[in-house]
Amino acid sequence: MREMSARSGISEATLRMWEVRHGFPQPRRVSSGHRRYSESDLARVRAVLRGRARGLSLQAAIELAQDVGDEQAPSVYASLRSRYPQLEPQLLSKRAMLWMSRAIEDECLARAERPLLFGCFQSERFYRASESRWRELSRTAERAFVLADFAPARVPRQGPIEVSIDASDPVAREWAIVCESPSFGAVLAGWERPREPGAGRMFEAAWTIEAPAVRLAAQVCLRLATEAAPELLDGLDERLESTPVAREHELRSAIQLSTRMVQYAAAS
């Protein structure tokens, strides 16, 4: 702890307080009872300090710092389930996934200010069926990305950036939409279960409007996109890191989004 304090600039008393009240950091304990911190622990503590300097609350800065140094899961759904196990997975049909995606897209158009948008479509042909809608979504977005088995990746003059994913990538089995903005955020992500003969497409999925989870999903999508096309990064990692963790009126957002989902279901 003395070394951690010296290298981070945080007093030992503050480190103990963070550990007791927030469960952060989480050093390894040796048989003597002494704490042993890793370089990743140090990186996370420094990330908390950067977050506090930008005006984040301590809890928000800690949540943001949890991503530092972690080995990120290779897909959106896996990341959400790993970091937020309280998100209850649901078994949804392709039709239900479409209703929910459309509802998020509508709320994004209506309420999000210059959002970052990500869509995971598995196959190019699935994206082409929704291309006109995503071109409309991208018109008001700060940046929009779609991930599928495109060959090759391309940057259309109008519309979202098309990012190629390999069939062997875990995200190639996922359906996901992420809308990240200071005014509105939502994520829906699900992985497609293997189909029984004659059965329809089914997804194990989760959705939320909670800002930390939406931010994590956007970070994972951005990482996947930039691994495929590094030249597309262009400072967006800093944009996501500085996004406020808390949004106002999240309960109202959840109600409005749920209402749209129900309306789509009733109209089908």
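Which residue stands opposite T208 in β9? I looked this up to begin with, and the residue is V187. A note to self before going on: this is a predicted model.

**Strand β9 and its neighbours**

I next checked how β9 pairs. Strand β8, residues 185–192, runs antiparallel to β9, with six bridges between the two. Strand β3, residues 90–93, is also antiparallel to β9 and is joined to it by four bridges. Within that pairing I found F203 of β9 as the bridge partner of L92.

Then I asked how enclosed the strand is. β9 covers residues 202–208, and five of these seven residues are buried, so the rest of the structure largely encloses it.

**E204**

I stopped at E204, which sits in β9. Is E204 buried or exposed? Its relative accessible area is 18%, and the cut-off for buried is under 20%, so E204 counts as buried. I saw its side chain make a polar contact with the side chain of R193, at 3.4 Å. Leaving out residues up to four places away in sequence, E204 also touches others, including Y77, P89, Q90 and W191.

**The cores**

I turned to the largest nonpolar core, which has 31 residues. V187, my starting residue, is listed among those with the most contacts inside this core, along with V76, L80, F118, F145 and V178. Among the elements giving it two or more residues are α5, β4 and β8. Helix α8 gives the most, with 10 residues.

I also followed L80, which touches V187, A189, A213 and A217, among others farther than four places away in sequence. Last, I noted a second, separate core of 29 residues that includes L117, F121, L137 and A141.

Note on methods:
Residues numbered from 1 in each chain as written. Predicted model: local features only at pLDDT ≥ 70, side-chain atom pairs only at ≥ 80, totals over all residues. Heavy atoms only, no water. Buried < 20%, exposed > 50% of the residue type's maximum accessible area, 1.4 Å probe, protein only. Pairing = 2+ DSSP bridges. Polar contact = N/O pair within 3.5 Å; in protein donor to acceptor, adjacent residues only side chain to side chain. Contact = heavy atoms within 4.5 Å. Core = buried A, V, L, I, M, F, W, Y, C linked by side-chain atoms within 4.5 Å.
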